[in-house]
Amino acid sequence: MRTMKYKCIVVSKRGPPENLQIAEFDLREPSAKEARVKVLATCVCLPDVQARYGIGPFPPKLPFVPGYTVVGVVDAVGPGVTQAAPGDKVAAYLIIGGYAEYVYLRETQIVPFPASLNPAEAVPLLLNYVTAYQILHRSAKVKVGHKVLIIGASGGCGTAFLDLGRLANLRMYGIASKSKHAILAEFGATPIDYRTENFVEVIRRAEPGGLDAVFDGMGGDYVERAFPLLRRGGVLVEYGNPLSMRGLLRALAKTLALDLLPNGRTVKPYGASAFLPFNRKPFLEDWAVLFRLLQEGKIRPVISGEFPLLDAARANALLETGQVVGNLVLVAPELLEARQMG
Ligand SMILES: NC(=O)c1ccc[n+]([C@@H]2O[C@H](COP(=O)([O-])OP(=O)(O)OC[C@H]3O[C@@H](n4cnc5c(N)ncnc54)[C@H](OP(=O)(O)O)[C@@H]3O)[C@@H](O)[C@H]2O)c1
């Protein structure tokens with residue numbers, strides 16, 4: 001009997017988007033406690049790009065299939081699987097492996113996913129939105145009316161902060177390039193252009209009493225510059241991925257030094273991939289909240305492009321231009337066709 005095959009996008013060499021190549025694998029039966037899932041949607045995010053270039057303290061070993069998160073439909077289950085059955089829609093947070101027509105999930109990786117949600121619209125909730133949600137509500141514990149600064153406000157995580165910050169009734173300031181200011185204003189944030197404005201002066205003028213929270217995904221000297229803008233008791237959450245092991249150690253040392261200052265302000269690091277393996281429960285709770293908010297129409301992920309799953313190279317190239325607002329999504333071709341027809 002001929003073995004069925006499925007396609008993945010593999011990185012076998014570090015470097016530009018052209019290194020994302022289509023490869024074929026055998027479609028095997030799932031093992032015990034494993035589900036085979038047909039991928040319906042996966043996000044193209046900056047961490048995928050960083051992994052491909054080998055940027056970061058722990059880049060994946062070559063060869064690897066990028067793709068942080070997926071939404072899909074269970075195609076077959078191995079013995080002992082109780083969390084899902086064929087036909088169920090599920091989601092997963094994988095870190096690598098999502099740019100594929102099929103993924104094999106251990107039962108413990110399966111995240112329940114509401115059948116009524118559009119996979120392409122919901123897939124940003126699994127990384128960018130859960131990051132923003134946990135930083136807002138678990139790290140900074142924001143309250144109505146809090147004044148916050150979002151550094152890197154126009155990207156995948158940034159627009160998740162804007163959407164969830166609007167829902168939480170925050171007074172938001174966002175740093176982004178001028179051409180992307182419209183989206184910040186749409187969510188009710190005051191945009192600041194980091195190329196032509198000094199954000200420190202702008203915030204000092206607008207909020208002389210200080211900010212309640214700052215969310216930084218960009219690193220560099222943003223932490224030192226933004227920290228003094230906090231009021232006493234304010235918190236800065238740093239979630240940008242460090243570019244190397246040295247960068248990670250430097251960021252941790254900076255956090256420690258700032259936290260030792262006797263001014264009541266705090267810096268907190270946040271890393272979804274670092275936290276998830278130790279405690280999955282808050283993630284399952286928060287994904288359920290986010291899925292419900294999307295079902296109720298209370299949040300609206302910004303998706304500026306949908307590409308067929310195997311067009312990952314084109315989507316990655318677009319992300320690398322720096323022109324993208326919000327999220328890019330790779331979608332199973334039949335889902336794209338159905339949407340185009342309907
Ligand atoms: N800790 C976690 O759990 C976690 C989770 C997800 C992502 N991350 C990290 O968070 C960071 C952002 O990821 P993302 O997926 O949101 O990236 P993204 O979608 O590519 O967005 C990054 C944004 O940064 C802006 N930017 C670039 N240079 C800037 C500068 N000097 N000052 C201000 N903004 C600047 C860009 O837009 P402009 O045109 O406006 O400059 C872009 O919109 C990355 O380091 C990523 O690895 C961490």
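# Sheet, helices and ligand shell

Reader: What is the bridge partner of isoleucine 150 in strand 9?
Author: Glycine 174 of strand 9 is the bridge partner of isoleucine 150. Strands (E, at least two residues) and helices (H or I, at least four) are DSSP runs, numbered from the N terminus. Residue numbers start from 1 along each chain as its sequence is written. This is a predicted model, in which local features need pLDDT of at least 70 and side-chain atom pairs count only at pLDDT 80 or more, while totals for chains, interfaces and linings use all residues.

Reader: How many bridges are there between strand 8 and strand 9?
Author: Strand 8, residues 147–151, and strand 9 have 5 bridges in the parallel sense. Strands pair if DSSP finds at least two bridges between them.

Reader: Which helix packs there, touching strand 8 and strand 9?
Author: Helix 4 packs on the sheet, where strand 11 (211–216) is touched as well as strand 8 and strand 9. The direction of helix 4 makes about 165° with that of strand 9. Such angles run from 0 to 180 degrees between N-to-C directions, with axes fitted to C-alpha atoms, for helices over the stretch in contact. Contact is C-beta atoms, placed from the backbone, within 7 Å.

Reader: OK, the sheet itself. In what order do the strands come?
Author: The order is 10-9-8-11-12-13, an open sheet of 6 strands with parallel pairing. Strand 10 (190–193) and strand 13 (266–269) are the edge strands, each pairing on one side only. From one strand to the next, the twist averages 20°.

Reader: And how many bridges join strand 11 to strand 12?
Author: Strand 11 and strand 12 run parallel and are joined by 5 bridges. In one of these strands, strand 12, valine 237 is the bridge partner of phenylalanine 215. Strand 12 also pairs with strand 13, in the parallel sense, over 4 bridges. Threonine 266 in strand 13 stands opposite valine 235.

Reader: What lies across strand 12 and strand 13?
Author: Helix 8, residues 245–260, does, running at about 155° to strand 13.

Reader: New topic. At what angle do helix 3 and helix 10 pack?
Author: About 105°, and the axes of helix 3 and helix 10 (residues 281–295) are 10 Å apart. So helix 3 is roughly perpendicular to helix 10, a term for 65 to 115 degrees (under 35 is roughly parallel, over 145 roughly antiparallel, the rest oblique).

Reader: Which residues make the contact?
Author: Helix 3 contributes Tyr129, Val130, Tyr133, Gln134 and Arg138, and helix 10 contributes Pro282, Phe283, Asp286, Trp287 and Leu290. By class that is 7 nonpolar, 1 polar and 2 charged residues. Nonpolar means Ala, Val, Leu, Ile, Met, Phe, Trp, Tyr, Cys and Pro, charged means Asp, Glu, Lys and Arg, and the others, Gly among them, are polar.

Reader: How is the protein chain divided into domains?
Author: Domain 1 is 5–124 + 302–341, and domain 2 is 128–274; the bounds come from an automatic or database domain assignment. Their centres, taken over C-alpha atoms, are 29 Å apart.

Reader: How many residues of domain 1 and domain 2 are in contact?
Author: 13 residues of domain 1 are in contact with 16 residues of domain 2. Helix 1 gives the most to the side of domain 1 that touches domain 2, with 3 residues. That side of domain 1 has 9 nonpolar, 4 polar and no charged residues.

Reader: Which residues come nearest to the ligand?
Author: Leu46, Gly155, Cys157, Asn241 and Ala272, out of 28 residues around the ligand. Being near takes a C-beta atom, placed from the backbone, within 6 Å. Domain 1 and domain 2 each provide at least three residues of the shell. Its residues are 13 nonpolar, 14 polar and 1 charged.

Reader: Where is the cis peptide bond?
Author: The cis peptide bond joins leucine 62 and proline 63, with omega about -15°. Proline 63 is in the loop between helix 1 and strand 4 (69–77).

Methods: Contact = placed C-beta atoms within 7 Å.
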